[in-house]
Amino acid sequence: MPEKPNMEQDPITSKSYAAYYLIAMVILMATLFWALWDEAWTQRPWKAFQEQWKARYGAFLNTARSKSDTS
């Protein structure tokens with residue numbers, strides 16, 4: 001019959017891993033915020049061009065609609 005393991009020597013029950021979980025959480029949160037910042041502002045430099053084009057094309061469509069209404 002196998003011997004029962006000594007529960008006092010079990011690292012899962014005798015040691016706290018809270019500090020390791022805290023460090024992992026801080027690293028994960030930092031990488032999350034870095035990824036969001038990178039996606040929103042640094043990876044897509046054409047976003048300003050898109051906004052400008054949307055404004056200009058919207059103005060064009062409004063003038064085209066008014067011309068269409070008169071004809």
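The questions and answers below walk through a predicted model of one protein chain.

Biologist: How many helices and strands does the chain have?
Modeller: Read along the sequence, the pattern is α-α-α. No strand appears in that pattern. The count is three helices and zero strands.

Biologist: In which helix is confidence lowest, and in which is it highest?
Modeller: The chain averages a pLDDT of 85. Of its residues, 89% score at least 70. Where pLDDT is low, the predicted coordinates should not be read in detail. Confidence is lowest in helix 1 (residues 11-14), at a mean of 74, and highest, at 94, in helix 2 (residues 18-42).

Biologist: What share of the residues count as buried?
Modeller: A residue must have under 20% relative accessible area to count as buried. The chain has 71 residues and exposes about 7,100 Å². Carbon and sulfur atoms supply 66% of that exposed area. The buried share is 1%.

Biologist: Which residue forms a salt bridge with Lys-54?
Modeller: The structure holds one salt bridge. Its closest N and O atoms are 3.7 Å apart, and the cut-off is 4 Å. Both residues lie in helix 3 (residues 47-70), three residues apart, about one turn of the helix. The partner of Lys-54 is Glu-51.

Biologist: Is Lys-54 buried or exposed?
Modeller: Exposed means over 50% relative accessible area. Lys-54 has 53% relative accessibility, so Lys-54 counts as exposed.

Biologist: How is the aromatic pair of Tyr-17 and Tyr-20 classed: stacked, edge-to-face or tilted?
Modeller: The structure has three aromatic pairs. In the pair of Tyr-17 and Tyr-20, the rings lie 5.9 Å centre to centre, with 40° between the planes. Stacked needs an angle under 30 degrees, and edge-to-face needs one over 60. The pair is tilted.

Biologist: Why do Tyr-17 and Tyr-20 count as partly exposed?
Modeller: Partly exposed lies between the 20% and 50% cut-offs. Tyr-17 falls in that range because its relative accessible area is 29%. Tyr-20 falls there too, because its value is 49%.

Biologist: Which residues form one aromatic cluster with Tyr-57?
Modeller: Tyr-57 lies in helix 3. At 37% relative accessibility, Tyr-57 is partly exposed. Its cluster partners are Trp-53 and Phe-60.

Biologist: What accessible area does the nonpolar surface patch have together?
Modeller: A patch takes residues with over 30% relative accessible area, and Tyr-57 has 37%. The patch is formed by Trp-46, Phe-49, Trp-53, Tyr-57, Phe-60 and Leu-61. Together their accessible area is about 670 Å².

Notes: Residues are numbered from 1 along each chain as its sequence is written. This is a predicted model: local features need pLDDT of at least 70, side-chain atom pairs count only at pLDDT 80 or more; totals for chains, interfaces and linings use all residues. Side-chain values use heavy atoms; hydrogens and water are left out. Helices (H or I, at least four residues) and strands (E, at least two) are DSSP runs, numbered from the N terminus. Buried means under 20% relative accessible area, exposed over 50%, partly exposed in between (1.4 Å probe, protein chains only). Accessible areas come from the Shrake-Rupley method with a 1.4 Å probe; for residues, only the protein chains shown count as cover. A salt bridge is a side-chain nitrogen of Lys or Arg within 4 Å of a carboxyl oxygen of Asp or Glu. Rings of Phe, Tyr and Trp (its six-membered ring) pair if their centres lie within 6.5 Å; planes under 30 degrees apart count as stacked, over 60 as edge-to-face and the rest as tilted. pLDDT is the predictor's confidence in each residue, from 0 to 100. Patches are made of residues with over 30% relative accessible area and no salt bridge: like charges are joined within 9 Å, nonpolar side chains (Val, Leu, Ile, Met, Phe, Trp, Tyr) within 5 Å.
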